[in-house]
Amino acid sequence: MKNYLKKLEETIRGHWNQKALCDYKGESFTYADLATNIEQFRLFLNEAGISKRSKIAICARNSARWAIAFWDINVNGCVAVPLLADFHPNSVAALTRHSDSVILFTDEDIWNKLIPGQMPALKAAINVKDWRMLWYRDEKVFKAWENRERSFANHHPKGMKPDLVSFHTNNLDKMAIINYTSGTTGNPKGVMLTYGALSDTDEFANSHFPNHPGQTIVSMLPMAHMYGLAIEFIHPNVDGVTVYFLGKTPSPTTLLQAMKEVKPYMVVTVPLVMEKVYANSIKPALDKMQKFYSIPYAERLIYKIVRKKIISAFGGRVRCFIMGGAPLKPEVEQCFSRMRLPFTVGYGMTEACPLLGWEWWTDFVPSSCGKPVHEIRIDSKDPQNEAGEIQARGANMTIGYYKNPEANAVAFTDDGWFRTGDLGTMDDKGNIFIRGRIKSMILNSSGQNIYPEELEAVLSGCPYVVESIVVDRNGKIVALVYPEIPEDIDQESKESIPEIIRTTANKSLPAYSKINKVELVDSPFEKTPKMSIKRFLYQ
């Protein structure tokens, strides 16, 4: 296995003046700039007396400087602790404290809401937007930070040169990241991932969706999550791909404008984004042309034209749309398959850095989430037909949860497999099919297992339904639905919507899992940054 830092070293040397990290419509940095920053940070750590393996947190919106801060930490042997900028200030302080972070890269707005006394190990806070030190507890750290450029000039009077770039890579078993996952349970845990896990993910990515120097990609996912960090940033950037950061969540117009200008080779996103593209652009266009479907070969030609327009809207160079974090609505998946859009829905989690299942779009089986990245087994007597817990092992898997022996005790089986907490089946060709979460499974009075996610997939195809959650209330199956209601609908028709949804869904459901009641909610369900619904809030 080749260390991804070795690849970064080779890329920096070979593509010295190429753009490496850019803010869309903002500042940009070359690989030479990146090398200089990494060396300045190394000198700072030495002068500040901050040892390797120290934890350093980053809590800010995505940006080119966020990425530089990560490489500064990661290349120099410290442990990066990415924290979501959307976390409540109390959570930011608690996780900074729990991770024993000694430095916090953040921005002024976030820092002003924090209380330094709640983070006793913290020595300094640095503004990720302009490298200003916002606060310090340790005078030595402050002086080392202020002196870092002078120190660099003393050590490198002729500046940084390609042949001076040399990174430590004998570290595959060392911890590289503590990633706090919010998940859908409401109890964040610090997932420990090694340099080896990151290297393994990069190696898999290169063998299945390779990239090349000079290509570009748009980063829209939060880099405080492994999906965005590993697939949208680390994997491309170490191979010479220029990464453009959008920062805050963009509007659909801004997103497509960025795609047209940047022309990414790959789009990494969540299903919700592509579902919106489908609802707002693709479906209306296809509906208008339905009258031509009866003409021989017309339907095939129409789908081909729409496919070409979608690729063009995303810049014209997209080889694959990779989606993860949630299932794709069946209606949307069927449409994308019919038009042969190069898409795939992967399966993963933070603990897998983040890939568990994936398949190239030409071999992807609809409704599956790909084939195992490494080893996966189904804890079931009949894995093809009877759902069981999905368990995994491989070089990409977590080594455990930071300072959490209770979680570690239940995370692994006696023979070393990681318990995902997901229920699934796997066919004879190795395709994985998710049935749901163990904790959300409903056991009815007849002893039948009911998987809410399967009912929600049916509900997604019903009239008025935007999104839904199925819950068990006193033995009754209740669907909570956030609807899209036409403005011109009368009150009587509006009151009948829950029953229309219920009867429509039940036509496709077996007797033991029919929905007893539909309740409409006034606002979208609260979600994690990966756009998974926070189920624990609605149980």
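# Asking why, residue by residue

Modeller: Let's start with R53 in this predicted model: R53 is partly exposed, with a relative accessible area of 29%.

Biologist: Why is R53 called partly exposed?

Modeller: Buried means under 20% and exposed means over 50%. R53 has 29%, so R53 falls in between and is partly exposed. You'll find R53 in the loop between α2 and β3.

Biologist: What makes the backbone of R53 worth a second look?

Modeller: R53 has a positive phi of about 80°, and R53 is not a glycine. Most residues other than glycine have a negative phi, so a positive one gets flagged.

Biologist: Which residue in the loop between α4 and β5 has a positive phi too?

Modeller: That's D100, whose phi is about 65°. D100 comes just after α4, in the loop between α4 and β5. With a relative accessibility of 30%, D100 also counts as partly exposed, because the band for that runs between 20% and 50%.

Biologist: And α4 itself, which of its residues are buried?

Modeller: In α4, residues 89-98, the buried ones are V92, A93, L95 and T96. Their cover includes strands β3, β4, β5 and β8.

Biologist: How do you know that T11 is buried?

Modeller: Its relative accessible area is 8%, which is under the 20% cut-off, so T11 is buried. T11 sits in helix α1. Beyond its neighbours within four places in sequence, T11 is in contact with Y31, N237, V238, D239 and G240.

Biologist: Staying with α1, why are α1 and α3 called oblique to each other?

Modeller: Their packing angle is about 120°, and their axes are 12 Å apart. Roughly perpendicular stops at 115 degrees and roughly antiparallel begins over 145, so 120° belongs to neither and the pair is oblique. The crossing of α1 past α3 is left-handed.

Biologist: What do the two helices put into that contact?

Modeller: From α1 come Y4, L5 and L8, and from α3 come W71, N74 and V75. That contact has five nonpolar residues, one polar and no charged. The polar one is N74, because Asn is on neither the nonpolar nor the charged list.

Biologist: What word fits the angle between α11 and α13?

Modeller: Helix α11 (residues 271-288) and helix α13 (residues 330-338) pack at about 60°, with axes 11 Å apart. Roughly parallel needs an angle under 35 degrees and roughly perpendicular starts at 65, so about 60° comes out as oblique. This crossing is left-handed.

Biologist: How many charged residues does the contact of α11 with α13 have?

Modeller: Three, alongside seven nonpolar and no polar. In α11 the contact residues are M274, E275, Y278, I282, K283 and L286, and in α13 they are E331, V332, C335 and F336. E275, K283 and E331 are the charged ones, because Glu and Lys count as charged.

Biologist: How do you know that the buried residues of α6 are on the same side of the helix?

Modeller: The buried residues of α6 are V141, A144 and W145. They span an arc of only 100° around the axis, which puts them on the same side of α6. Among the elements covering them are α2, β5, β6, β7 and α7.

Biologist: What makes I217 buried?

Modeller: I217 has a relative accessible area of 0%, under the 20% limit, so I217 is buried. I217 lies in strand β10, and its contacts beyond four places in sequence include E232, P236, Y244 and M266.

Biologist: Is F343, in strand β14, buried or exposed?

Modeller: Buried: its relative accessible area is 3%, and buried means under 20%. Leaving out residues up to four places away in sequence, F343 touches F321, M323, L328, E333, F336, S337, W361 and F364. F343 and V268 are 75 residues apart in sequence, yet their C-alpha atoms are 9.9 Å apart in space.

Biologist: Last one: what kind of peptide bond joins C353 and P354?

Modeller: A cis one, with omega about -20°. Most peptide bonds are trans, so a cis bond is worth pointing out. P354 is in the loop between β15 and β16.

Conventions: Residues are numbered from 1 along each chain as its sequence is written. This is a predicted model: local features need pLDDT of at least 70, side-chain atom pairs count only at pLDDT 80 or more; totals for chains, interfaces and linings use all residues. Side-chain values use heavy atoms; hydrogens and water are left out. Buried means under 20% relative accessible area, exposed over 50%, partly exposed in between (1.4 Å probe, protein chains only). Helices (H or I, at least four residues) and strands (E, at least two) are DSSP runs, numbered from the N terminus. Contact means heavy atoms within 4.5 Å. Axes are lines fitted to C-alpha atoms, for helices over the stretch in contact, and angles run from 0 to 180 degrees between N-to-C directions. A crossing is left-handed if the near helix is turned anticlockwise from the far one by less than a right angle, and right-handed if clockwise. The arc is that of the directions from the helix axis to the C-beta atoms.
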